[in-house]
Amino acid sequence: MEPIVSIENLSKVIKGRTIIDDVSFQVYKGEVFGFLGPNGAGKTTTIRMIVGLMSLTSGDIKIGGYSIQKNFEKAVRSVGAIVENPEMYKFLTGYQNLWQYARMSSGVTESKINEIVELVGLSERIHDKVKTYSLGMRQRLGLAQCLLHDPEVLILDEPTNGLDPAGIREIRDYLRILAKEKNMAVIVSSHILSEMEMMCDRIGIIQKGKLIDVQQVKDFVKGSEKEFELEVTPVQEAINVLESLYTQNKIHKTETGIAMSIKKEAIPELIKQLVMADINVYGIREITKTLEDRFLEVTKGKGIESYD
């Protein structure tokens, strides 16, 4: 399958400082791609280059097969985007705002506007003035604006910033619908790890302007090693036994016993050794790593310089 968005060796240098350093990744229709990194890692800078708000130092960006450098208008024609915050005419109603945006694209009909309004859940308030809208409603109106021209690619920079839990869930649900039912490629940048885990199919991790890794969320969370927690007594004696038998494995205390990294196939032998050493084993469970755990592992918990 051909990618709808292709980032090829993208770099950005400002005043002799490399802000984005040789970044490459692809995004496909029907997926939510998460661009993950702490504030200042280079997410917004990359997005600005994708939508043409900032020039490229080197590399290229192709959208729908068109280079934004060689054929900008055709490349961005299939893109809907909100970079940072959606800006609206607050003295107009939501509906009037959408009509203003509709004038920028040919073929946007009244029925199309009504369809998008229904999709983002603003039907009951669309004829109220935007100045009366909550932040979550303005985000939804911004999303409606992005969808008027039926884009193939939707790009949202920190779309859940400032939203309450209900608003965050609404935005997340809308994005999943757009990707799966409308076969749209959705690119979302965020520093909120838990949201990315629930929202995205794949994530790309950026740190100090460098792309560290791109993986399926489920594979990234799983990681290469599995960690198991054992409820045992006495704890220190169990640690002594295991450290003598498994010298290469990570072992540490927990609130209910000990935890260690080990292959699942080796667990029966591990329990056998503990029982033979008169250690009481009350239970064992796999510790599920969160996206935050894996993020800190991959980035080694290093600080992030501010680039955005």
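## A first walk through the structure

M198 lies in helix α7. This is a good place to begin, and it helps to know from the start that the model is predicted. With a relative accessibility of 48%, M198 counts as partly exposed. Pick out K250 as well: 52 residues separate M198 and K250 along the chain, and their C-alpha atoms are 29 Å apart.

### Salt bridges

How many salt bridges does a search of the whole structure find? The search finds 13. Three of the pairs are set out here, with the separation of their N and O atoms.

| Salt bridge | N to O distance |
|---|---|
| R202 and E31 | 2.8 Å |
| K43 and E158 | 3.8 Å |
| R176 and D201 | 3.2 Å |

Let us take these pairs in turn. R202 and E31 form a salt bridge whose closest N and O atoms are 2.8 Å apart. R202 belongs to strand β9 (residues 202-207), while E31 sits in the loop between β2 (17-27) and β3 (32-36), so this salt bridge ties together parts that are 171 residues apart in sequence. Are the two partners buried or exposed? R202 is buried, with a relative accessible area of 13%, and E31 is buried too, at 8% relative accessibility.

Next come K43 and E158, whose side chains meet in a salt bridge at 3.8 Å from N to O. This pair links distant parts of the chain, 115 residues apart: K43 is in helix α1 (residues 43-50), and E158 is in the loop between β7 (153-157) and α6 (165-181). K43 is buried, its relative accessible area being 0%. E158 also counts as buried, at 9% relative accessibility.

The last pair in the table is R176 and D201, with 3.2 Å between the closest N and O atoms. Here R176 lies in helix α6 and D201 in the loop between α7 (193-199) and β9, so the salt bridge ties together parts that are 25 residues apart in sequence. R176 is partly exposed, with a relative accessible area of 23%, whereas D201 counts as buried at 17% relative accessibility.

Salt bridges can also join up into a network. Which residues are linked in this way? They are K112, E115, D150 and K182.

### Aromatic rings

The structure holds four aromatic pairs. One of them is formed by F25 and F33, which are stacked, with 5.0 Å from centre to centre and 5° between the planes. Planes under 30 degrees apart count as stacked, so the 5° between F25 and F33 fits that description. Both F25 and F33 are buried. Together with F35, F25 and F33 form one aromatic cluster.

### Helices that pack together

Now turn to helix α5 (residues 135-147) and α6, whose axes come within 11 Å and cross at roughly 15°. Angles under 35 degrees count as roughly parallel, and α5 and α6 are therefore roughly parallel to each other. The crossing of α5 past α6 is right-handed. Which residues make the contact? From α5 they are Q139, R140, L143 and L147, and from α6 they are E170, I171, Y174, L175 and L178.

A second pair of helices is α3 (residues 94-102) and α4 (residues 110-119), with axes that come within 11 Å and cross at roughly 125°. That angle makes α3 oblique to α4. The crossing of α3 and α4 is right-handed. Y95, L98, W99 and A102 of α3 make the contact with E110, I113, N114 and V117 of α4.

### Details of the backbone

Some features are found in the backbone itself. The peptide bond that runs from T233 to P234 is cis, and its omega is near -10°. P234 is in the loop between β11 (227-233) and α9 (235-245).

Where does D22 lie, and what is its phi? D22 lies in strand β2 and has a positive phi of about 55°, although D22 is not a glycine. D22 is partly exposed, with a relative accessible area of 45%.

N183 is another residue other than glycine with a positive phi, near 55°. N183 is found in the loop between α6 and β8 (185-190). Its relative accessible area is 43%, so N183 is partly exposed.

Key: Residues are numbered from 1 along each chain as its sequence is written. This is a predicted model: local features need pLDDT of at least 70, side-chain atom pairs count only at pLDDT 80 or more; totals for chains, interfaces and linings use all residues. Side-chain values use heavy atoms; hydrogens and water are left out. A salt bridge is a side-chain nitrogen of Lys or Arg within 4 Å of a carboxyl oxygen of Asp or Glu. Helices (H or I, at least four residues) and strands (E, at least two) are DSSP runs, numbered from the N terminus. Buried means under 20% relative accessible area, exposed over 50%, partly exposed in between (1.4 Å probe, protein chains only). Rings of Phe, Tyr and Trp (its six-membered ring) pair if their centres lie within 6.5 Å; planes under 30 degrees apart count as stacked, over 60 as edge-to-face and the rest as tilted. Axes are lines fitted to C-alpha atoms, for helices over the stretch in contact, and angles run from 0 to 180 degrees between N-to-C directions. Angles under 35 degrees count as roughly parallel, over 145 as roughly antiparallel, 65 to 115 as roughly perpendicular and the rest as oblique. A crossing is left-handed if the near helix is turned anticlockwise from the far one by less than a right angle, and right-handed if clockwise. Contact means heavy atoms within 4.5 Å.
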